Amino acid sequence: MSNGSAGRPRCAVLVGPYLSGKTSLLESILHITGATQRRGTVKDGNMVGDYAPEARKRQMSIEVVAANTNFLGDQWTFLDCPGSIEFAQDAYNACMVADVAVVVCEPEPDRALAVSPLLRFLDERRIPHMVFINKLDAADDRVRDVLSALQAVSERPLVLRQVPIRDGETITGYVDLISERAYRYQPGKESALVALPDEMREREQTARQELLETLADFDDKLLEQLLEDTAPAKQDIYQYLAKTFHADNVVPVLIGAGERDHGVRRLLKALRHDTPEVGVTRARLGIEAKGEAVVQVCKTLYAQHTGKLAIARVWHGDVKEGMTLKGERLGSLVRLVGQQQTKIQMAHAGEVVGLGRVEGYKTGDVLTPTGGAVPKNWPPTLPPIYALAIHAENRSDEVKLSGALQRLVDEDASYSIEHNVEMHQLLLWGQGEQHLQIGLDRLRGKYNVAVQGERPLTAYRETIRKGVEQHARFKRQSGGHGQFADIHVDIKPLQRGEGFSFGERIVGGAIPRNFIPAVEAGVREYLPRGPLGFPVVDVAVELFDGKFHAVDSSDMAFKTAGRMAMSEGMPLCNPVLLEPILLVTIFVPNEFTAGAQRLLSGRRGQILGYDARAGWNDWDQVQAHVPQAEVNDMIIELRSLTRGVGTFEWKFDHLQELTGRLADDVVKARAEAAQ
Ligand SMILES: Nc1nc2c(ncn2[C@@H]2O[C@H](COP(=O)(O)OP(=O)(O)O)[C@@H](O)[C@H]2O)c(=O)[nH]1
Ligand SMILES: [Mg+2]
């Protein structure tokens, strides 16, 4: 292990779509820089980045993993992020604390769209980022086609830093466009410097000119040089690039194949040269450098034996073992290479460390010896879009389940819990089917609670379409004194959303006033279960006449009469089912707008309109009223329609009548469930 403290600690985050090769790239980086001796592969399920059992099982990253290493005398932490859009929360959080983001992309123009939400996030927050076009060892498409597809989804101009050298269909090396040196990839070794092939000269010159012209858009001096046709010095070009890059004005594009170490040293050198230092990033985030130490948490997790661990960036000062931050003493201070932890005494500004055995720290917290808070610019929690109703397989695990759920949400805030009292259901919300399944796996594997998940119930209601005047008489004569109550009520439909109201217009003492509340109580007792089996809403009941008996009448008797009037009257009022309707806003690239509208109509949605998505190039938003029952699994279809990038937001809007076969099915299912 060469993990001693070294100069200029910086942090790079590896992001990009699922399967683009980030975790393999990390493995290569750690191997090249000597942080690991043995090299893992996806196939063998032993890479540093995917150490969690749930990740190994599925061969996918499910949470951010930090790995510390040294490269040419500098200390680096790489944060390997999950690529799946369902685990985007961790990726967004990690980007916030990094000095630079490496966006790892597939070498296929068709896959460029998948990068667009991420590029948008990085651009919006002006996080300097490079693109690494990966897997060039197995690429069928031309780099320039991939580049223009990526440019179509990036606000910032992309500049190619390297052009590939081909031997037939195989890419065997590259030309660096600033140094104008050519290299040949060598398996397991540093690329070899070779003579620039003659046939490459023209292509190299054109690409270099494009790079310079793009940089000149941000630098008048360079522009002047280009206009005067003077060749800028290489050293100057490096400077121009670094400057425009720090301001997130250009996105350098590098190429390679992580799994074979191709282009990885070149990437590391670009990072070393161009990545801003911690002070620049701190300023970008508006974090003040004052006091003894300032630290920010980008992830918390529960490790099997060591308790809660906070992965945190030191923004300022030194953090020492045993120090108190936000009122809590650091149980331990560790440097991380995946799950492997090495104890350290102190960490300096720029480092990413693990704060061990801490309870109160939350993701996003900026911690100081005197306090801590989540700053305003921290990425918002992703809104919930998919839920499962869950219960512990074993009833005696209920208490354990609630503790485990708390930890699950603590680790990944894009999960959330809802207790649906009315439907007697505990809902686990998240970002999609896989996110939820992995959540359940974790509850079982990591927290030892076996949990079942099923489709949540929809909270249907019912109401009536016409009114009736209903008479009810309750009379019983058995031994001693009997029971008597006689009432007339007017049952009427109300407007949607008005709920329930009870009134009376008793005159001449037909019923003594003290019995009226008992009638109301009886009527209300009926409401949770109407003729169709659902809670009754939007109904008015008015008591307008009745009779009583001086000895036999009682509250009990009038309450019973109230309930009777309802159960006899309501079925005559043309009862109808009401279903909850949500206001849904779908966000999609505009090539999918028509498809999104079809999807909504197919789910009984009423389209309200569509518009360009504010601030997003080539994206639309479509608004619709959609029955809640249809929204439940809508994200699955939406993603498959939009190559994974479509999303939506929702909120409850109103209740709406449901009739016909769908309604019959709901009523029938309810009746069966009640038996
Ligand atoms: N051809 C090729 N395949 C790669 C390369 N890097 C990763 N892969 C494959 O891409 C898949 C996903 O790799 P992984 O590192 O888990 O991707 P991640 O989801 O971005 O972390 C695996 O099947 C890898 O073997 C590469 O450089 N070349
Ligand atoms: Mg991965």
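**Exercise 1.** Find how many bridges join S29 to strand S30 (residues 539-547), and in which sense the two run.

*Solution.*
- Step 1: S29 and S30 are joined by five bridges and run parallel. Strands here are DSSP runs of E with at least two residues, helices are runs of H or I with at least four, and both are numbered from the N terminus. Two strands pair if DSSP finds at least two bridges between them.
- Step 2: for a concrete example, Phe 500 has Val 539 of S30 as its bridge partner.

Before going on, some bookkeeping. Residues are numbered from 1 along each chain as its sequence is written, while chains are lettered from A and ligands numbered from 1 in the order in which they are written. The model is predicted, so local features need pLDDT of at least 70 and side-chain atom pairs count only at pLDDT 80 or more, whereas totals for chains, interfaces and linings use all residues.

**Exercise 2.** Place S29 and S30 in their sheet: what is the strand order, and which strands stand at the edges?

*Solution.*
- Step 1: the order is S27-S28-S30-S29, in an open sheet of four strands with mixed pairing.
- Step 2: strand S27 (468-476) and strand S29 (500-504) are at the edges; each has a single partner strand, so one side of each has no neighbour in the sheet.
- Step 3: neighbouring strands of this sheet are turned against each other by 25° on average, direction ignored. Angles run from 0 to 180 degrees between N-to-C directions, with axes fitted as lines to C-alpha atoms, for helices over the stretch in contact.
- Step 4: add the helix that lies across S27 and strand S28 (483-493), which is H14 (residues 555-569), running at about 40° to S28. Contact means that the C-beta atoms of two residues, placed from the backbone, lie within 7 Å.

**Exercise 3.** Repeat the analysis for the open sheet that contains S22 to S25.

*Solution.*
- Step 1: four strands follow the order S23-S24-S22-S25, with antiparallel pairing.
- Step 2: the edges are strand S23 (416-420) and strand S25 (451-454), each with a single partner strand, so one side of each is left without a neighbour in the sheet.
- Step 3: from one strand to the next, the twist averages 35°.
- Step 4: S23 and strand S24 (residues 425-430) run antiparallel and are joined by five bridges, with His 419 opposite Leu 426 in S24.
- Step 5: helix H11 (residues 398-411) lies across strand S22 (386-392), S23 and S25, at about 140° to S23.

**Exercise 4.** Which strands does S13 pair with?

*Solution.*
- Step 1: strand S12 (residues 293-303) is joined to strand S13 (residues 307-320) by ten bridges, and the two run antiparallel. Ala 293 has Gly 317 of S13 as its bridge partner, and a hairpin of three residues joins S12 to S13.
- Step 2: strand S19 (residues 352-356) pairs with S13 in the antiparallel sense over five bridges; Ala 312 has Val 353 as its partner in S19.
- Step 3: strand S18 (residues 346-348) also pairs with S13 in the antiparallel sense, over three bridges, and Lys 320 has Met 346 as its partner in S18.

**Exercise 5.** Which residues of helix H5 (residues 143-151) are buried, and why do they line one face?

*Solution.*
- Step 1: Val 143, Val 146, Leu 147 and Leu 150 are buried. Buried means 20 or more other C-beta atoms within 10 Å of a residue's own; 12 or fewer is exposed, in between is partly exposed, and C-beta atoms are placed from the backbone.
- Step 2: down the axis of H5, these buried residues fall within an arc of 100°, so they line one face of the helix. The arc is taken from the directions from the helix axis to the C-beta atoms.
- Step 3: the cover over the buried residues of H5 includes strand S4 (100-105), strand S5 (129-133) and strand S11 (251-255).

**Exercise 6.** Is Val 15 buried or exposed, and what is it in contact with?

*Solution.*
- Step 1: Val 15 belongs to strand S1 (residues 7-15).
- Step 2: Val 15 counts as buried because it has 30 C-beta neighbours inside 10 Å.
- Step 3: leaving aside neighbours within four places in sequence, its contacts are Cys 81, Ala 91, Cys 95, Ala 101, Val 103 and Leu 118.
- Step 4: Val 15 and Cys 105 are 90 residues apart along the chain, with 8.8 Å between their C-alpha atoms.
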